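This briefing is meant for a reader meeting the structure for the first time. Please look over the sequence and the model before turning to the notes below.

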Amino acid sequence: MREIPASKITEAVALLCMEANFDLSQDVVTALKKALQTEESPVGQEIIKQILENAEIARKERVPMCQDTGFAVFFVELGQDAHITGGNLN
């Protein structure tokens with residue numbers, strides 16, 4: 001039986017949540033930059049520029065890109081040969 005400390009799960013989930021709020025993946029940044037080049041609307045261009053600027057600030061300062069980040073829902077599959085130690089998933 002594999003034992004998994006609850007603290008390890010908590011740490012991993014916390015890191016993933018922060019990464020999702022602080023770091024846009026490079027493919028998304030590239031797509032936004034491409035969209036900026038092809039966007040014809042001045043308003044659309046300004047919005048894309050703001051998104052890129054917000055993403056850069058979030059990455060550098062480690063703050064959420066969006067102030068309305070919502071909440072996370074996790075679906076967990078735990079095999080019968082795994083046992084959580086030192087706490088639980090609640």
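Helix H3 is followed by Arg62, whose phi is positive, near 55°. The model is a predicted one. The notes below treat helix H3, then the salt bridges, then the cysteines.

**Helix H3**

- Helix H3 comprises 20 residues, 42–61, and at 1.5 Å a residue it should span 28 Å; its end C-alpha atoms are 28 Å apart, so expectation and model agree.
- Gly44, Ile48, Leu52, Ala55 and Ala58 are the buried residues of H3.
- Viewed down the axis of H3, these buried residues fall within an arc of 125°, and they therefore line one face of the helix.
- The buried residues of H3 pack against two other helices, H1 (6–22) and H2 (26–38).
- On the face of H3 turned away from the buried side are the exposed residues Pro42, Val43, Lys60 and Glu61.
- At the start of the helix, a side-chain oxygen of Ser41 comes to within 3.2 Å of the backbone nitrogen of Val43.

**Salt bridges**

- Side chains of opposite charge can pair when their charged atoms come close.
- The structure contains 3 salt bridges.
- One of them joins Arg62 to Asp23, with the closest N and O atoms 2.9 Å apart.
- This pair connects distant parts of the chain, 39 residues apart: Arg62 lies in the loop between H3 and strand E2 (82–85), and Asp23 in the loop between H1 and H2.
- Both partners are partly exposed, Arg62 with a relative accessible area of 41% and Asp23 at 28% relative accessibility.
- Within H3, Arg59 forms a salt bridge with Glu56, the closest N and O atoms being 2.6 Å apart; the two residues are 3 residues apart, about one turn of the helix.
- Glu56 also forms a salt bridge with Lys60, where the closest N and O atoms are 3.5 Å apart; these residues lie 4 residues apart in H3, again about one turn.
- Glu56, Arg59 and Lys60 are thus linked in a network of salt bridges.
- In this network, Arg59 is partly exposed at 41% and Glu56 is partly exposed at 31%, whereas Lys60 counts as exposed at 59% relative accessibility.

**Cysteines**

- A disulfide is a covalent bond between the sulfur atoms of two cysteines.
- The structure holds 0 disulfides.
- Cys17 is in no disulfide, and the nearest cysteine sulfur, that of Cys66, is 15 Å away.
- That distance of 15 Å between the sulfurs of Cys66 and Cys17 is too far for a bond.
- Cys17 is partly exposed, with a relative accessible area of 28%, and Cys66 is partly exposed with 39%.

Note on methods: Residues numbered from 1 in each chain as written. Predicted model: local features only at pLDDT ≥ 70, side-chain atom pairs only at ≥ 80, totals over all residues. Heavy atoms only, no water. Expected span 1.5 Å × (residues − 1). Buried < 20%, exposed > 50% of the residue type's maximum accessible area, 1.4 Å probe, protein only. Arc of directions from axis to C-beta. Contact = heavy atoms within 4.5 Å. Polar contact = N/O pair within 3.5 Å; in protein donor to acceptor, adjacent residues only side chain to side chain. Disulfide = S-S within 2.5 Å. Salt bridge = Lys/Arg side-chain N within 4 Å of Asp/Glu carboxyl O.
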